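Student: I have a two-chain model open and would like to learn how to read it. Where do we start?
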Amino acid sequence: MKVGVVVFPGSNCDHDTYHALKHVCGQEAQFVWHKDSDLRGLDAVVLPGGFAYGDYLRTGAIARFSPVMRAVTEFAGQGGTVLGICNGFQILQEAGLLPGAMLRNRTVKFLSQPVHVRVERDDTAATAGISVGTVLTMPIAHGEGNFYVADDELERLEQAGQVVFRYTTKDGRLSDEANPNGSLHAIAGVCNRERNVVGLMPHPERASEPELGSADGRRILEALVASLVRA
Amino acid sequence: MARARVYVTLKKSVFDPQGKTIHDALLSLGYSGVTDVRQGKFFEVELDGLPAEKARATVEEIARKVLSNPVIESFRVEVEG
């Protein structure tokens with residue numbers, strides 16, 4: 001299984017993601033430079049966290065125009081598996097591959113803390129095989145993670161089952177205190193209609209080994225790999 | 001040379017945490033008459049070799065495609081000939 005980790009100028013979770021995929025999950029991983037426009041031979045692409053292009057203009061706004069994103073869009077359109085983590089999620093939103101946009105956190109603070117998210121779907125590229133209702137503990141680290149879409153679009157997302165993760169308490173209950181950034185419907189991750197493109201704000205790669213305080217994120221990376229084996 | 005100004009603002013329906021924080025600060029400074037603050041972005045764009053009408057069309061395209069995110073923002077363009 002060959003997984004590409006895209007490197008934008010300003011990515012800073014690229015090496016962590018590479019490490020988790022290669023050394024923890026035992027997959028063949030390779031970096032993909034943002035100027036590359038060829039993803040041939042890859043089974044999946046991960047857009048890692050960081051601050052691509054310094055978050056200038058808006059998070060992900062400049063990165064979405066880089067050559068690699070044309071290739072990622074084509075790859076996704078052909079059913080290829082794409083996972084966006086944090087800034088990678090924001091880039092996928094700007095590129096129109098995932099719905100919604102991120103507003104500044106409601107507290108206006110950069111939040112770096114562990115959170116609990118509940119898995120809402122077990123039929124996406126990043127959650128296949130993880131039972132609905134499972135609560136995973138992973139860290140977030142973002143200033144703009146306040147998920148927003150217009151009301152009618154939010155309704156459509158819910159109906160279509162495109163909400164993949166929600167911020168909850170440790171025992172899986174929704175509560176305002178458990179929603180760190182003010183996201184609508186406590187949304188922490190979504191997928192496209194076809195379920196092959198998934199984005200989430202928490203960092204699975206930073207919670208992929210017990211030494212890091214949680215190995216829950218590994219389940220998402222393993223699910224990604226498993227979905228490729230099946231495909 | 002044409003010069004354009006682009007104002008990008010959050011849509012009215014979108015909560016603006018930064019504007020709210022500024023508003024709260026103004027109230028605590030005693031500006032009790034201030035009822036709301038919304039923060040936005042302002043761009044000055046210079047274009048060469050385009051008549052004003054073409055320049056407007058180009059800048060509107062840039063504002064739509066790049067300078068704003070239609071999910072959360074709207075924009076307004078002013079062009080000087």
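Tutor: We start with the contact pattern. Among contacts in chain A between residues at least 6 apart in sequence, 76% join residues at least 24 apart. Keep in mind that this is a predicted model.

Student: What is the secondary-structure content of chain A?
Tutor: Chain A has five helices and eleven strands. Its radius of gyration is 16 Å, close to the 17 Å from the globule rule for 231 residues, so chain A is as compact as a globular protein of that length. The C-alpha trace spans about 45 × 35 × 35 Å along its principal axes.

Student: What share of the residues in chain A is buried?
Tutor: Buried residues account for 57% of the 231 in chain A.

Student: Take a helix. Which residues of helix 2 of chain A are buried?
Tutor: Helix 2 covers residues 67-77 of chain A. Its buried residues are A:Val68, A:Met69, A:Ala71, A:Val72, A:Phe75 and A:Ala76. Now look down the axis of helix 2 of chain A. The buried residues fall within an arc of 155°, so they line one face of the helix. On the other side, A:Glu74 and A:Gly77 are exposed.

Student: What covers the buried residues of helix 2 of chain A?
Tutor: The cover includes strand 1 (2-7), strand 2 (28-33), strand 3 (44-47), strand 4 (81-85) and strand 11 of chain A. Check the residues after the helix as well. A:Gly79, just after helix 2 of chain A, takes a positive phi of about 95°.

Student: How many residues of helix 3 of chain A are buried?
Tutor: Eight of the eight residues in helix 3 (residues 87-94) of chain A are buried, so this helix is largely enclosed by the rest of the structure. The buried set includes polar and charged side chains as well as nonpolar ones: among them are A:Asn87, A:Gln90, A:Glu94, A:Phe89, A:Ile91 and A:Leu92. These buried residues pack against strand 3, strand 4, strand 5 (101-103) and strand 11 of chain A. Just after helix 3 of chain A, A:Gly96 takes a positive phi of about 80°.

Student: Now the strands. How does strand 6 of chain A pair with strand 7 of chain A?
Tutor: For any pair, read the direction, then the bridges, then the register. Strand 6 (residues 111-119) and strand 7 (residues 135-142) of chain A are antiparallel, with eight bridges. For the register, A:His116 has A:Thr137 in strand 7 of chain A as its bridge partner. Strand 6 of chain A also pairs with strand 9 of chain A, again in the antiparallel sense, over four bridges. There, A:Arg118 is the bridge partner of A:Arg166.

Student: Where does strand 9 of chain A lead next?
Tutor: Strand 9 (residues 163-168) of chain A runs antiparallel to strand 10 of chain A, and three bridges join them. A:Phe165 stands opposite A:Gly189 in strand 10 of chain A.

Student: Is strand 10 of chain A mostly covered or mostly open?
Tutor: Mostly covered. Strand 10 spans residues 187-191 of chain A, and five of its five residues are buried. Three bridges also join strand 10 to strand 11 (residues 197-200) of chain A, and these two run antiparallel. A:Cys191 has A:Val198 as its bridge partner in strand 11 of chain A. Look at the hairpin these two strands form. Five residues lie between the strands, and A:Arg195 takes a positive phi near 75°.

Student: Move to chain B. In what order do the strands of its open sheet lie?
Tutor: The order is 2-1-3, with three strands and antiparallel pairing. Strand 2 (40-47) and strand 3 (73-80) of chain B are the edge strands, each pairing on one side only. The twist averages 20° from one strand to the next. Strand 1 (residues 2-10) and strand 2 of chain B share eight bridges. In that pair, B:Arg5 has B:Glu44 as its partner.

Student: Which strands does helix 2 of chain B lie across?
Tutor: Helix 2 (residues 52-67) of chain B lies across strand 1, strand 2 and strand 3 of chain B. Helix 2 runs at about 155° to strand 3 of chain B.

Student: Last, the interface. How many residues of chain A are in contact with chain B?
Tutor: Eleven residues of chain A are in contact with eight residues of chain B. By class, the chain A side has five nonpolar, two polar and four charged residues.

Key
Residues are numbered from 1 along each chain as its sequence is written. Chains are lettered from A and ligands numbered from 1 in the order in which they are written. This is a predicted model: local features need pLDDT of at least 70, side-chain atom pairs count only at pLDDT 80 or more; totals for chains, interfaces and linings use all residues. Two residues are in contact if their C-beta atoms, placed from the backbone, lie within 7 Å. A residue is buried if 20 or more other C-beta atoms lie within 10 Å of its own, exposed if 12 or fewer, and partly exposed in between; C-beta atoms are placed from the backbone. Two strands pair if DSSP finds at least two bridges between them. Axes are lines fitted to C-alpha atoms, for helices over the stretch in contact, and angles run from 0 to 180 degrees between N-to-C directions. The radius of gyration is taken over C-alpha atoms; the globule rule is 2.2 Å times the number of residues to the power 0.38. The arc is that of the directions from the helix axis to the C-beta atoms.
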